[in-house]
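Trainee: Could we go through this model together, one question at a time?
Mentor: Gladly; have a look at it and ask away.

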Amino acid sequence: MTAPKNFPARISIVTLGVADLQRSTEFYEALGWQRSSASSPEIVWFRTADSALGLFPTEALAADAGVPVTGEPSFRGVTLAVNLESPESVDAALETAVAAGATVVKPPSGSGWGGYSGYFEDLDGHLWELCHNPFFPFTESGSLDLP
């Protein structure tokens, strides 16, 4: 079966619903992420290697999607991940996240598949994995170069 060409295989933007836009913006800036000038008082954008991260108040994001707000965050069946160059880079990134206010969910450790990873929650309970996958190299621009 040939894949249709009208649905490209890419993720351009991830938008997170946040309880306090200013507080969450400060958290991601404390990670060293660059805020985009496309940001506004209603939504804040951050550049990443090959996509964008948006922060939008939870109620406004739910209204935009036409779904109800379900209350306190819980595991949503989704994690966001940052693949890094080495286990030491994973440890350093986690220290930065904790200093910015993140909560460690699972300390980094070796994995059965040959990598190294751990998890933290941001200020709104979104789960982030920090990992080193030696089988996923990077391009010069910092994007994953999947085989």
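The questions below go through the sheets, the helices and the surface.

Mentor: Before you start, this is a predicted model, in which local features need pLDDT of at least 70, side-chain atom pairs count only at pLDDT 80 or more, and totals for chains, interfaces and linings use all residues. Residues are numbered from 1 along each chain as its sequence is written, and side-chain values use heavy atoms, with hydrogens and water left out.

Trainee: Which strands are the edge strands of the open sheet of four strands?
Mentor: Strands here are DSSP runs of E with at least two residues, and helices are runs of H or I with at least four, numbered from the N terminus. Two strands pair if DSSP finds at least two bridges between them. The pairing in this open sheet is mixed, and the order is β4-β7-β6-β5. Pairing on one side only marks the edge strands, β4 (80-83) and β5 (103-110).

Trainee: Is the pairing of β6 with β7 parallel or antiparallel?
Mentor: In general, strands of a sheet pair through backbone hydrogen bonds, and either direction is possible. Here E121 has L127 of β7 as its bridge partner. Six bridges join β6 (residues 116-121) to β7 (residues 127-132), and the two run antiparallel.

Trainee: Which residue in the turn between β5 and β6 has a positive phi?
Mentor: Five bridges join β5 to β6, an antiparallel pair, and V104 has F120 in β6 as its bridge partner. The two strands form a hairpin with five residues between them, and the residue with a positive phi, about 100°, is G114.

Trainee: What angle does helix α3 make with β7?
Mentor: Axes are lines fitted to C-alpha atoms, for helices over the stretch in contact, and angles run from 0 to 180 degrees between N-to-C directions. Contact means heavy atoms within 4.5 Å. Helix α3 (residues 87-100) packs on the four-stranded sheet and touches β5, β6 and β7; its angle with β7 is about 155°.

Trainee: Why is one side of β1 left without a neighbour in the sheet?
Mentor: The open sheet of three strands has the order β1-β3-β2. Six bridges join β1 to β3 (residues 52-57) in parallel, and V14 stands opposite L53 in β3. One side of β1 (13-18) is left free because this edge strand has a single partner strand.

Trainee: Which strands does helix α2 lie across?
Mentor: Helix α1 (residues 21-30) lies across β1, β2 and β3, at about 155° to β3. Helix α2 (residues 58-65) runs at about 100° to β3, and the strands that α2 lies across are β1 and β3.

Trainee: How far apart are the closest N and O atoms of R35 and E29?
Mentor: A salt bridge is a side-chain nitrogen of Lys or Arg within 4 Å of a carboxyl oxygen of Asp or Glu. A search of the whole structure finds one. R35 forms a salt bridge with E29, and the closest N and O atoms are apart by 3.9 Å.

Trainee: Is F135 buried or exposed?
Mentor: Buried means under 20% relative accessible area, exposed over 50%, and partly exposed in between (1.4 Å probe, protein chains only). F135 lies in the segment after β7. Because its relative accessibility is 53%, F135 counts as exposed.
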